[in-house]
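Q: Could you show me how to read a structure like this one, feature by feature, with the general idea placed ahead of the particular case?

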Amino acid sequence: MEFHELTISDARKLLDTKEISSVDLVTALLKRIDACDADIKAFITVDEKGAIDGAKKADERLAAGESTPLLGIPLALKDLLCTRGLATTCASKILENFVPQYDATVVTKIKDAGAVILGKTNLDEFAMGSSTENSGFHITRNPWHLDHVPGGSSGGSAAAVAARMCTASLGTDTGGSIRQPASHCGVVGIKPTYGRVSRFGLVSYASSLDQIGPITRDVRDSAIMLNALCGHDPRDTTSANVDVPDFTTALAQYQADGLKGMTAGIPKEFLSVKGLDPDVEKAFHDAVKLLETLGVEVKEISLPHTDYAVAAYYVIAPSEASSNLARFDGVRFGYRDTNATELIDMYKKTKSKGFGDEVQRRIITGTYALSAGYYDAYYGQATKVRSLIREDFSRAFASCDIIVSPVAPTPAFKIGENVDDPLTMYLTDIFTLSTNMAGLPGISVPCGHSKTGLPIGFQMMASRFDEMALVRGAYGLEQALDLKKRFPEMSDSL
Amino acid sequence: MKVTRKDIEYIAHLSRLEVDDTLVDKFADQVSRILQYIDKLKDVDVSGAELMSGASMDHNVFREDIPHTPPGPDITLANAPEREDDFYIVPKAVG
């Protein structure tokens, strides 16, 4: 097997037995990036020197007898996570030359664990989008079909894993931005419970919804990554001070007991969503049947406020964004327009030249929803609907362990198909954003392909802090499905 | 809710944006359609529902008020577009 094909757990064995070095692995992936990324364009920055230096350090630790799960493993990071000394652009022209002076907590954690950072991946500008077409620099292509989007906003992170340009990656998920691109690229993505992973050093889009999580080749690797990422951080006041289990024990639990005793709820409202693609529907129902053969009891449940989730989300997220993005004013960091002679004029010119259309549209929508006379009708009402959505989930989880659904209504769409119609694009988030609204964890695991060969993901959601149920359930489905075609065929020249 | 060209210009000012003239009508149309969709929230009976402005509102978070060493101007101002000594330079703020 080629080095770039290795999962984290495969690479771990070879590194520990000294059959390969971290430098071998990193070199192979850099070569892969060189061969593929001109077409895929998953990366904004590739840090060759930093990666080789990191790999050498990891090899020294390995030589000294150390073995920890991520030691020497090459990862790619969504370019929304601050990396000390390495440009962090948020895929925005406004931060094109921004070099953070500190690491995000997750970056510190993976560096301490010995992981090697290959580079920073593309996204919709400030994570605002579902296709990575809103990047201020370039679009990213789906490795399965180059004329399709990889999903978004963590499209670069998902495409890089699918194209085997990194062993695993980190994404962020505000309304589905890990799970939807994972689904569209045929890889595994977890959005942890709100508060599980520190957001310190993550450039905020919508602070009450954002969460960092892993994108990996398989479920085992996601469990390994979760172990490294989770934990309380005093620098993030919303970080939860709760015990972190060893998530890989959920894999052993599946091997011992299958999925016996597990109950899965299917929200009836999800399956009556307009525009549900027949291939997605079939792959979903086939996967549900398979779960039943593994011992899962499947029942219909109700999430009555589903129909209002997208509307509430597109008030709350832009409202928070309009506040969070006020900091990019050309004073302390980032781009500044130098033509303005007065301060307010400088703010305006800086922002409008620095931000792309979608970011400006969301700032305007959010400012409108928060402005005098509209605050109660929009923001106030949306936050109340949000609490009703959370109550829907609490009631549902009284009778089931996981809730299952498709990840997105359709497989990846064609590049350019939805760019002029923001509302249609927003509606594609229908299955994923409720978990962000309720602060719950969710996973996307591959469950098949469309007739045209595009991957389709299966979503599982669980109660707060019950990622163990997601890992166990998704691992069960992955093992039972044993998809023959896990990754896109890509010639070496691609 | 129908948003006019004037509304966009006013909101853009509040947001400290200078929306390109060619984009104002497009934004007015797109934001109108987004708000028309969002208007469905008015159909929800929210009587008794609490305001949920965060995902984890169970308790407030406090910490001891212990002074820390600040990072200092070299780090704080490292990304400043324009600086003089340990200060940010900005255009004229008062007319």
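A: Let us begin with a backbone feature, bearing in mind that this is a predicted model. A:T132 lies in the loop between β3 and α5 of chain A, and with 34 C-beta neighbours inside 10 Å it counts as buried.

Q: What is phi near at A:T132, and what sign does it have?

A: The general idea is that most residues other than glycine have a negative phi, and most peptide bonds are trans. In A:T132, phi is near 65°, a positive value in a residue other than glycine. A:C90 also has a positive phi, near 55°, and is likewise not a glycine; this residue belongs to the loop between β2 (74–78) and α4 (105–112) of chain A, where it is buried, having 30 other C-beta atoms within 10 Å.

Q: Which peptide bond is cis, and where is A:S153 found?

A: The bond from A:G152 to A:S153 is cis, with omega near 10°. A:S153 sits in the loop between β3 (116–121) and α5 (155–162) of chain A, the loop that also holds A:T132.

Q: How should I read the packing of two helices, and at what angle do α7 and α17 of chain A pack?

A: Two packed helices are described by the angle between their axes and the distance between the axes. For helix α7 (residues 219–229) and helix α17 (residues 467–481) of chain A, the angle is about 160° and the axes are 9 Å apart. Since angles over 145 degrees count as roughly antiparallel, α7(A) and α17(A) are therefore described in that way, and their crossing is left-handed. From α7(A) the contact draws on A:V219, A:S222, A:A223 and A:L226, while α17(A) brings A:E467, A:V471, A:A474, A:Y475 and A:E478; sorted by class, the contact has 6 nonpolar, 1 polar and 2 charged residues.

Q: Is A:A469 buried or exposed, and which residues does it touch?

A: A:A469, which is placed in helix α17 of chain A, is buried, because 22 other C-beta atoms lie within 10 Å and 20 or more are enough for that label. Leaving aside residues up to four places away in sequence, A:A469 touches A:D401, A:I402 and A:A462.

Q: How are α11 and α13 of chain A arranged with respect to each other?

A: Helix α11 (residues 306–324) and helix α13 (residues 357–370) of chain A pack at an angle of about 100°, with their axes 7 Å apart, and they are therefore roughly perpendicular to each other. Residues of α11(A), among them A:V315 and A:P318, meet residues of α13(A), including A:R362 and A:I363; the contact divides into 6 nonpolar, 5 polar and 1 charged.

Q: What do the overall values for chain A say about its build?

A: Chain A has 17 helices and 11 strands. Its radius of gyration is 21 Å, close to the 23 Å that the globule rule gives for 494 residues, so chain A is as compact as a globular protein of that length. Buried residues make up 63% of those 494 residues, and among contacts between residues at least 6 apart in sequence, 76% join residues at least 24 apart.

Q: How many residues does each chain bring to the contact between chains A and B?

A: Chain B brings 44 residues and chain A brings 57. On the side of chain B that touches chain A, α1 (5–14) and α2 (21–38) each supply at least two residues, and α2(B) gives the most, with 8 residues. That side of chain B divides into 28 nonpolar, 6 polar and 10 charged residues.

Notes
Residues are numbered from 1 along each chain as its sequence is written. Chains are lettered from A and ligands numbered from 1 in the order in which they are written. This is a predicted model: local features need pLDDT of at least 70, side-chain atom pairs count only at pLDDT 80 or more; totals for chains, interfaces and linings use all residues. Axes are lines fitted to C-alpha atoms, for helices over the stretch in contact, and angles run from 0 to 180 degrees between N-to-C directions. Helices (H or I, at least four residues) and strands (E, at least two) are DSSP runs, numbered from the N terminus. Angles under 35 degrees count as roughly parallel, over 145 as roughly antiparallel, 65 to 115 as roughly perpendicular and the rest as oblique. A crossing is left-handed if the near helix is turned anticlockwise from the far one by less than a right angle, and right-handed if clockwise. Two residues are in contact if their C-beta atoms, placed from the backbone, lie within 7 Å. Ala, Val, Leu, Ile, Met, Phe, Trp, Tyr, Cys and Pro count as nonpolar, Asp, Glu, Lys and Arg as charged, and the others, Gly among them, as polar. The radius of gyration is taken over C-alpha atoms; the globule rule is 2.2 Å times the number of residues to the power 0.38. A residue is buried if 20 or more other C-beta atoms lie within 10 Å of its own, exposed if 12 or fewer, and partly exposed in between; C-beta atoms are placed from the backbone.
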